[in-house]
Amino acid sequence: MSEAAAAPARRGRWAGLAALLVFGLAVMGVLQARRTASDAGFVELIGMPPAAFSPFFDRDGRPVSLEAFRGKTVVLNLWAPWCVPCLTEMPSLDRLAGRLPADAFAVVAVTKDPVGLSSSQATFDRMGLRRLALYLDPEGKLAPEIGARGLPMTLILAPDGAPIAYREGAADWDSDAMVAKLVALAARTARRD
């Protein structure tokens, strides 16, 4: 076979392998997103002091600190618009924000994206997220401060700002089991005070 005739065959094989890889990643993302909200998904952190994390920004470019949520149990979720498991869980995070009492909980979703028109803003708009506010971390400072090894990553903070648990990977955040777990974590930290 001539070189000219072999080139399309090689391109076809590479295209097939690339399609298989994309399909495999999509399946892995869906499976990751379907993990249950069991206790096994959380790693509890005992006796941690209040944490100081870098500020981030709201969609209008105003700086926001986690201090703004002091007095509430914070569900701090790090995500990205290119992350399939992140996109899968975003609607359930939005519903979670509606299920938890706003005077006791804050669901804070932060992505590493520039302030202004961004793919994250387009994602929020396309998904019709109504309860979550868009927060941006253009320099990506939060992920290493929190110790995120991948996305999505969720850190639960006590009302005093102390980390109390974290979860790696997507979850069904508004399930009854997850809401019960978050309420139990909040109650346990209230008893410590």
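These are my notebook entries on a predicted model, taken in the order in which I looked things up.

**Entry 1: overall make-up.** I began with the secondary structure and found five helices and eight strands. Along the sequence, I read the pattern as α-β-β-β-β-α-β-α-β-α-β-β-α. I then looked up burial: of the 193 residues in the protein, 42% are buried. The exposed surface comes to about 10,200 Å², and carbon and sulfur atoms supply 61% of it. For contacts between residues at least 6 apart in sequence, I noted that 75% join residues at least 24 apart.

**Entry 2: the sheet.** I asked in what order the eight strands form the open sheet. The order is β1-β8-β7-β4-β5-β6-β2-β3, with mixed pairing. β1 (43–44) and β3 (63–64) stand at the edges with a single partner strand each, so one side of each has no neighbour in the sheet. At the β3 edge, I found that β2 (residues 56–58) pairs with β3 in the antiparallel sense over two bridges. There, Phe56 is placed opposite Val64 of β3.

**Entry 3: strand β7.** I turned next to β7 and asked how many of its five residues are buried. The count is five of five. Met153, Leu155 and Leu157 lie on one side and Thr154 and Ile156 on the other, and both faces are covered. I then looked up the partners of β7. With β4 the pairing is antiparallel over five bridges, and Asn77 stands opposite Thr154. With β8 (residues 163–168) the pairing is also antiparallel, over five bridges, and Ile156 stands opposite Ala165.

**Entry 4: backbone geometry on either side of β7.** I recorded a cis peptide bond between Leu151 and Pro152, with omega about -5°. Pro152 belongs to the loop between α4 and β7 (153–157). In the hairpin of β7 and β8, five residues lie between the strands, and Gly161 among the hairpin residues has a positive phi near 95°. For context, I note that most residues other than glycine have a negative phi and that most peptide bonds are trans.

**Entry 5: the largest pocket.** I put the volume of the largest pocket at about 210 Å³. It is lined by 16 residues, of which Leu78, Trp79, Lys112, Ala143 and Leu151 are the closest to its centre. I asked which elements give two or more residues to the lining. They are β4 (73–79), β5 (105–111) and α4 (142–146). By class, the lining holds 10 nonpolar, three polar and three charged residues. I noted that Leu151 appears here as a residue close to the pocket centre and also as a partner in the cis bond to Pro152.

Methods
Residues numbered from 1 in each chain as written. Predicted model: local features only at pLDDT ≥ 70, side-chain atom pairs only at ≥ 80, totals over all residues. Heavy atoms only, no water. 1 Å grid on protein atoms, 1.4 Å probe; cavity = no way out; pocket = protein on both sides within 12 Å on 5 of 7 lines; lining within 4 Å. Points joined across faces, edges and corners; volume = space filled by probe spheres on them. Helix = DSSP H or I, 4+ residues; strand = E, 2+ residues; numbered from the N terminus. Nonpolar A, V, L, I, M, F, W, Y, C, P; charged D, E, K, R; others polar. Buried < 20%, exposed > 50% of the residue type's maximum accessible area, 1.4 Å probe, protein only. Contact = heavy atoms within 4.5 Å. Areas by Shrake-Rupley, 256 points an atom, 1.4 Å probe, with all protein chains shown as cover. Pairing = 2+ DSSP bridges.
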